[in-house]
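Biologist: Please take a close look at a single part of this protein for me. Keep it brisk, and explain each term as you go.

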Amino acid sequence: PSASPSPPPPAGPISELAENGGFEAWDDDTTPASWSKAESVTKEGAVVHSGSSSCKVVASGTRDLAQTIPVTAGTEYTISLWYYVESGDGTDARIWSYWKSGSSNVNDNTDELRGPGGSYLQGTTGMWNEYTTTLTAPATVDALYFEVRTYSGATVYWDDMSVTSSASLPPSASPSPPPSVS
């Protein structure tokens, strides 16, 4: 008898690449662990999307929150973040990220990575809003500089910031038919 073909393998597990995206770990009350850039931030325990803390930014100018995440060219990534604008004027917050190739910036996907549509994050003041986009890393890149900005006069809380990938497992070899018995 002939062997039936193997079903396709399931998609691989989802891998979270952003470190401390839920802002649960802090070196001190103004330094979230694993974030290389964190300007004018404080640990917040009352206004949270999930977990026990979020990252509060009260901006007197443009304030950045960022980390560099290694990526694989040609792989699909989902970038997601939650934000809560307490006060501002509609030009309060935005994602301001870009791909990296070594030390050079790669400006592909600017509508999504500086978005949405290259503009400010929109949503309802006084409640949690989500921004999410799925992109394929360009052929020459090796990292994503994952940054959000809070602009002058705004108070914004950030939480559950995420960069994930779910690469498929390699196809499994078809099973060999059992040996014939003579």
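**A close look at Gln67**

Modeller: Gln67 sits in strand β7. Strands (E, at least two residues) and helices (H or I, at least four) are DSSP runs, numbered from the N terminus. This is a predicted model, where local features need pLDDT of at least 70, side-chain atom pairs count only at pLDDT 80 or more, and totals for chains, interfaces and linings use all residues. Residues are numbered from 1 along each chain as its sequence is written, and side-chain values use heavy atoms, with hydrogens and water left out.

Is Gln67 buried or exposed? Gln67 is buried, because its relative accessible area is 4%. Buried means under 20% relative accessible area, exposed means over 50%, and partly exposed lies in between (1.4 Å probe, protein chains only).

Next, the surroundings. A polar atom of the Gln67 side chain lies 2.9 Å from the backbone oxygen of Glu19. Contact means heavy atoms within 4.5 Å. Neighbours within four places in sequence aside, Gln67 is in contact with Leu17, Ala18, Glu19, Ser34, Trp35, Ser36, Leu144, Tyr145 and Phe146.

Phe146 also appears in the largest nonpolar core. Such a core is a set of buried Ala, Val, Leu, Ile, Met, Phe, Trp, Tyr and Cys residues joined through side-chain atoms within 4.5 Å. This one has 33 residues, and Leu65, Leu81, Trp99, Phe146, Trp158 and Met161 touch the most other members. Among the elements that give two or more residues to this core are β7 (63-70) and β13 (143-150). The most comes from β8, with 5 residues.

Technical notes
Polar contact = N/O pair within 3.5 Å; in protein donor to acceptor, adjacent residues only side chain to side chain.
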